[in-house]
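Biologist: Please give me a close look at one part of this protein, the largest pocket. Then tell me about the parts around it.

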Amino acid sequence: MGIIKECGGKMWMGERQWNRASEDFFESFRNYDEAGSPQRIQVLKYLVLANMLTGSEVNPFDSQETKPYKNDPQITAMTDLVDAYQRREVHAAEKILRENRSTIMDDAFIRSYIGELLRSLRTQYLIDLIKPYTRLELSFLAKQLNVDKEEVEELLIELILEGKVEGRIDQVAMRLELDRAQSLEKKRYAAMDKWTEALESVHAAVVGKNTGGGGGRAIDFPEPLGYS
């Protein structure tokens with residue numbers, strides 16, 4: 001059963017179904033562990049990899065089954081990688097990968113997904129990095145991420161298209177322009193819509209009560225959004 005679930009996990013990884021891959025790898029690890037097979041260590045690495053790709057905040061070593069292996073010499077590098085990933089420390093993650101080729105990068109299966117993992121980590125790091133600013137040079141972002149400007153531009157375009165970043169890229173000046181004012185206006189309009197809905201509910205409740213419709217229900221008003 002262990003090898004069947006391992007193959008299933010690899011299949012789901014190929015289809016980028018990280019959650020399903022994680023589930024199959026966990027079952028595979030548990031079966032190998034119960035049988036005393038040394039393959040449990042390799043599959044545990046696959047489980048950790050899949051778990052990180054899901055973006056889960058849950059540490060895979062928190063479970064009763066995996067916790068005893070957290071300090072295994074073959075696993076400690078993956079443990080450190082999980083810590084760096086959850087703290088969104090992209091440079092620490094890159095250092096761990098460079099210094100632990102034998103336990104991480106020498107595995108062809110793991111190596112084929114490291115690019116995906118680093119891209120995910122860089123994306124999260126980038127979102128955190130740009131938060132305080134209204135405009136940023138792409139060269140500055142590239143330096144912070146230790147990648148070229150073309151890759152930074154690709155990451156930003158993806159984030160803008162997904163709605164995770166409100167802004168645009170000035171390709172002449174090679175600069176990211178963030179629409180802070182536009183984002184605030186959207187929040188204000190959303191708050192006003194909620195207030196309108198709440199007032200309409202109050203009106204309906206009052207009218208219903210005055211016409212003998214019984215007691216009205218409690219109305220939850222949204223928090224006011226201040227104007228700067």
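Modeller: The pocket comes after a short note on the model and the chain, and some helices and loops follow.

This is a predicted model, in which local features need pLDDT of at least 70 and side-chain atom pairs count only at pLDDT 80 or more, while totals for chains, interfaces and linings use all residues. Residues are numbered from 1 along each chain as its sequence is written, and side-chain values use heavy atoms, with hydrogens and water left out.

Start with the chain. The protein chain holds 10 helices and 3 strands. Here helices (H or I, at least four residues) and strands (E, at least two) are DSSP runs, numbered from the N terminus. From that end, the order is α-α-α-α-α-α-α-β-α-α-β-β-α. Of its 228 residues, 38% count as buried. Buried means under 20% relative accessible area, exposed means over 50%, and partly exposed lies in between (1.4 Å probe, protein chains only). The accessible surface of the protein chain is about 13,400 Å², and carbon and sulfur atoms hold 50% of that. Such areas come from the Shrake-Rupley method with a 1.4 Å probe; for residues, only the protein chains shown count as cover. Among contacts between residues at least 6 apart in sequence, 56% join residues at least 24 apart. A contact means heavy atoms within 4.5 Å.

Now the pocket. Rolling a probe the size of a water molecule over the atoms shows where empty space is left. The search uses a 1 Å grid over the protein atoms alone; a pocket is an open set of points with protein on both sides within 12 Å along at least five of seven lines, where a cavity is a set of points where a 1.4 Å probe fits but cannot get out. Lining residues have an atom within 4 Å of a point. The largest pocket has a volume of about 260 Å³. That volume is the space filled by probe spheres set on the points, with grid points joined across faces, edges and corners. The lining has 14 residues, and the closest to the pocket centre are Glu116, Arg119, Ser120, Thr123 and Glu158. Two elements give two or more residues to this lining: α3 (39-54) and α7 (108-130). Helix α7 gives the most, with 5 residues. By type, the lining divides into 3 nonpolar, 5 polar and 6 charged residues. In this count Ala, Val, Leu, Ile, Met, Phe, Trp, Tyr, Cys and Pro are nonpolar, Asp, Glu, Lys and Arg are charged, and the others, Gly among them, are polar. Domain 1 (1-123) and domain 2 (133-190) each supply at least three lining residues. Those bounds come from an automatic or database domain assignment.

Both of these pocket helices also take part in covering α4. In α4 (residues 76-86), the buried residues are Ala77, Met78, Thr79, Leu81, Val82, Ala84 and Tyr85. Their cover includes α3, α5 (90-99), α6 (101-105) and α7. Methionine 105 sits in α6. This methionine 105 counts as buried, because its relative accessibility is 12%. Leaving aside residues up to four places away in sequence, methionine 105 touches Leu97, Asn100, Arg111 and Ile114.

Next, the loop after α4. Arginine 88 lies between α4 and α5. Its phi is positive, about 60°, although arginine 88 is not a glycine. Arginine 88 counts as partly exposed, because its relative accessibility is 28%.

Finally, the N-terminal end. Lysine 5 is in helix α1. At 26% relative accessibility, lysine 5 is partly exposed. Lysine 5 touches Asp24, Glu27 and Ser28, not counting residues up to four places away in sequence. Its C-alpha is 9.0 Å from that of alanine 21, 16 residues apart in sequence. The loop between α1 (2-14) and α2 (18-35) holds glutamine 17. Arginine 16 lies in the loop between α1 and α2 as well. Phi of arginine 16 is positive, near 60°, in a residue other than glycine. Arginine 16 is partly exposed at 48% relative accessible area. Glutamine 17 is partly exposed at 36%. The C-alpha atoms of glutamine 17 and leucine 53 are 9.4 Å apart, with their positions 36 residues apart along the chain.
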